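Hi everyone, thanks for making time for this. Please pull up the sequence and the structure on your screens, and we'll walk through them together.

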Amino acid sequence: MTEVMSLENYVTRFENREGNRLGDIPGLLAITLYKGMQITIHGHSGKFTVAEWRFHHGHPDEKAGLTIVLE
């Protein structure tokens with residue numbers, strides 16, 4: 001039997017190319033992402049550009065969720 005994880009167990013993470021965390025939000029970000037999209041993050045000056053993204057399905061202790069890499 002396969003167990004389905006609820007969305008509350010996932011996190012959307014924002015990080016730079018070096019893997020440094022810029023921010024995160026609980027759950028999965030429900031917007032369409034595209035390379036070159038501009039994103040602003042509270043607490044950081046300037047705008048960031050989406051470089052790539054990836055999703056990991058797993059347990060919360062395995063950093064399950066969506067990672068958005070910004071430049």
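Glutamate 52 is partly exposed, with a relative accessible area of 30%. That value falls between the 20% cut-off for buried and the 50% cut-off for exposed, so glutamate 52 gets the label in the middle. You'll find glutamate 52 in strand 4. If we set aside residues up to four places away in sequence, glutamate 52 touches Arg17, Thr67, Ile68 and Val69. Let's take Arg17 from that list. Arginine 17 and glutamate 52 are 35 residues apart along the chain, and their C-alpha atoms are separated by 9.3 Å. Please keep in mind that this is a predicted model.

Now to one of those contacts, threonine 67. Is threonine 67 buried or exposed? Threonine 67 counts as buried, because its relative accessibility is 9% and buried means under 20%. Threonine 67 lies in strand 5. Which residues does threonine 67 touch, not counting residues up to four places away in sequence? The answer is Arg13, Glu15, Glu52, Trp53 and Arg54. So there is our glutamate 52 again, seen from the other side of the contact.

Let's go back to strand 4 and look at valine 50, which lies there too. Valine 50 is buried, with a relative accessible area of 2%. Leaving aside neighbours within four places in sequence, valine 50 is in contact with Tyr34, Lys35, Gly36, Met37, Ile39, Ile68, Val69 and Leu70. Pick out isoleucine 68 from that list. The C-alpha atoms of valine 50 and isoleucine 68 are separated by 6.9 Å, and the two residues are 18 apart along the chain.

Both of these residues lead us to the core. In soluble globular proteins, nonpolar side chains tend to be buried together. Which residues make up the largest nonpolar core here? There are 11 of them: Phe14, Leu22, Leu33, Met37, Ile39, Ile41, Phe48, Val50, Leu66, Ile68 and Leu70. Strand 4, residues 48-56, and strand 5, residues 65-70, are the elements that give two or more residues to this core. The largest share, 3 residues, comes from strand 5. One core member to click on is leucine 33. Not counting residues up to four places away in sequence, leucine 33 touches Trp53, Leu66 and Ile68.

Next, the aromatic rings. How many aromatic pairs does the structure hold? It holds 1. The rings of tyrosine 10 and phenylalanine 55 have their centres 5.4 Å apart and their planes at 45°, so the pair is tilted. Tyrosine 10 lies in the segment before strand 1, which covers residues 11-16, and phenylalanine 55 lies in strand 4, so the pair ties together parts that are 45 residues apart in sequence. The two partners are covered to different degrees: tyrosine 10 is buried, with a relative accessible area of 4%, whereas phenylalanine 55 is partly exposed at 46%.

That segment before strand 1 also holds glutamate 8. At 68% relative accessibility, glutamate 8 counts as exposed, because exposed means over 50%. Compare its place with that of glutamate 71: the two are 63 residues apart in sequence, and their C-alpha atoms are 27 Å apart in space.

Let's zoom out to the whole protein. What does its secondary structure come to? It comes to 0 helices and 5 strands, so from the N terminus on, the elements run β-β-β-β-β. The C-alpha trace spans about 45 × 20 × 20 Å along its principal axes. Of the 71 residues, 35% are buried. Among contacts with a separation of 6 or more, 39% are between residues 24 or more positions apart.

Finally, the surface and the charges. The accessible surface comes to about 5,100 Å², and 52% of that belongs to carbon and sulfur atoms. The protein has 7 positive and 9 negative charges, and the mean positions of the two sets are 8 Å apart.

If you'd like one thing to try afterwards, start at glutamate 52 in strand 4 and step across to threonine 67, one of its contacts. Thanks for listening!

How values were computed
Residues are numbered from 1 along each chain as its sequence is written. This is a predicted model: local features need pLDDT of at least 70, side-chain atom pairs count only at pLDDT 80 or more; totals for chains, interfaces and linings use all residues. Side-chain values use heavy atoms; hydrogens and water are left out. Helices (H or I, at least four residues) and strands (E, at least two) are DSSP runs, numbered from the N terminus. Buried means under 20% relative accessible area, exposed over 50%, partly exposed in between (1.4 Å probe, protein chains only). Contact means heavy atoms within 4.5 Å. Accessible areas come from the Shrake-Rupley method with a 1.4 Å probe; for residues, only the protein chains shown count as cover. Lys and Arg count as positive and Asp and Glu as negative; His and the chain ends are not counted. The place of a charge is taken as NZ of Lys, CZ of Arg, CG of Asp or CD of Glu. A nonpolar core is a set of buried Ala, Val, Leu, Ile, Met, Phe, Trp, Tyr and Cys residues joined through side-chain atoms within 4.5 Å. Rings of Phe, Tyr and Trp (its six-membered ring) pair if their centres lie within 6.5 Å; planes under 30 degrees apart count as stacked, over 60 as edge-to-face and the rest as tilted.
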